[in-house]
Amino acid sequence: MDLEKQPQKPAVPVETRRADHALRASDADRDRFADILRDALAEGRLDAEEHSERIDAVYRAKTLGELEPLVADLPATGRRTGAAPYPPETDEPTGPAENLVAVFSSSTRKGRWRVGRRTNAFSLFGSVELDLTEALFGQRLTVINATSIFGSVEVRVPENITLRGSGTGFFGNFEVVTLEAADPEAPVVVVNGYAVFGNVEAKPKRGRRISDLHDRLRKHLG
């Protein structure tokens, strides 16, 4: 008995698929993929080390083709849709990460300042202090890459945001006090890196909170 032939969908040309993969990734694209990874970490699909590795790869990716494999093994249901409380128009323009370097010296960033998507903190026989308790967050995810060699890097965040991260201490201390915000749309700070004969510490600052967090969310979501 002959089977009835079913119409087949036309295949997408290989050239078209290659062209899509070759498209340059925007900052909004990277944030979207980072959100997918954040959800996967919260759901237990990725451990902290895997999340750290993939987040680092997300922010090093230049094209969409480099981003897609990073979430290929994660369910589509975990991918966010709809409006975000931190829309693209509030993001900073494309540019290099902010660098704080302390070599036989100290470097401090605190007060009311706008936090970028990525910050590199490097200490060599010195100290770096990053105080985010009064900072302005223009995006949901902020990644801090901290490196301490015979020095220290200290990160302080408000109590009502999410703080995650992972790293390694070689004859030193690398400590991130994990914090989960009650509001799922609160800013997320991820601290990654390592300490060699030094100290990297990230934790919430007692009594310091983003006082207008809910007003800010209602403004963007309304």
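Student: Which residues do ring pairs link into a cluster in this structure?

Tutor: The model is a predicted one. A search of the whole structure finds four aromatic pairs. Such ring pairs join five phenylalanines into a cluster, namely Phe104, Phe125, Phe150, Phe171 and Phe197.

Student: What is the angle between the planes of Phe125 and Phe150?

Tutor: A pair of aromatic rings is described by the distance of the centres and the angle of the planes. For Phe125 and Phe150, the centres lie 4.9 Å apart. Planes under 30 degrees apart count as stacked. This pair is stacked, and the angle between its planes is 5°.

Student: How many residues apart in sequence are the parts that this pair ties together?

Tutor: Phe125 lies in the loop between strand 4 (118-124) and strand 5, while Phe150 lies in the loop between strand 7 (141-149) and strand 8 (152-157). The two rings sit in separate loops, so their pairing ties together parts of the chain whose separation in sequence is 25 residues.

Student: Is Phe150 buried, partly exposed or exposed?

Tutor: Buried means under 20% relative accessible area, and exposed means over 50%. Phe150 has a relative accessibility of 40%, so it counts as partly exposed. Its partner Phe125, at 39%, likewise counts as partly exposed. The class asked for, that of Phe150, is therefore partly exposed.

Student: What is the distance, centre to centre, between Phe171 and Phe197?

Tutor: Phe171 is in the loop between strand 9 (162-170) and strand 10, and Phe197 is in the loop between strand 11 (188-196) and strand 12 (199-204). Phe171 counts as exposed at 71% relative accessibility, whereas Phe197 counts as partly exposed at 43%. Their rings are stacked with 10° between the planes, and the distance from centre to centre is 5.2 Å.

Student: Which strands are the edge strands of the open sheet of five strands?

Tutor: Strands of a sheet pair through backbone hydrogen bonds, either parallel or antiparallel. In this open sheet the pairing is parallel, and the strand order is 2-5-8-12-10. An edge strand pairs on one side only, and this describes strand 2 (106-109) and strand 10 (173-176).

Student: Which residue in strand 5 stands opposite Ser107?

Tutor: Strand 2 and strand 5 (residues 127-131) run parallel and are joined by four bridges. Across from Ser107, the residue in strand 5 is Val128.

Student: How many residues are in the largest nonpolar core?

Tutor: Several strands supply at least two residues each to this core, including strand 1 (98-103), strand 5 and strand 7. Leu132, Val155, Leu163, Val189 and Val191 touch the most other members. One of these, Val189, is in contact with residues including Leu132, Phe137 and Leu163. The number of residues in the core is 26.

Student: How far apart in space are Ala25 and Leu67, C-alpha to C-alpha?

Tutor: Ala25 is found in the loop between helix 1 (14-21) and helix 2, and Leu67 is among the residues of another core, of 21 residues. Ala25 is in contact with Leu67. The two residues are 42 places apart in sequence, and their distance in space is 8.1 Å.

Student: Is Asp29 buried or exposed?

Tutor: Asp29 has its place in helix 2 (residues 27-42). Leaving aside neighbours within four places in sequence, Asp29 is in contact with Arg24, Leu64 and Leu67. The limit for a buried residue is under 20% relative accessible area. The relative accessibility of Asp29 is 17%, so this residue counts as buried.

Notes: Residues are numbered from 1 along each chain as its sequence is written. This is a predicted model: local features need pLDDT of at least 70, side-chain atom pairs count only at pLDDT 80 or more; totals for chains, interfaces and linings use all residues. Side-chain values use heavy atoms; hydrogens and water are left out. Two strands pair if DSSP finds at least two bridges between them. Rings of Phe, Tyr and Trp (its six-membered ring) pair if their centres lie within 6.5 Å; planes under 30 degrees apart count as stacked, over 60 as edge-to-face and the rest as tilted. Buried means under 20% relative accessible area, exposed over 50%, partly exposed in between (1.4 Å probe, protein chains only). Contact means heavy atoms within 4.5 Å. A nonpolar core is a set of buried Ala, Val, Leu, Ile, Met, Phe, Trp, Tyr and Cys residues joined through side-chain atoms within 4.5 Å.
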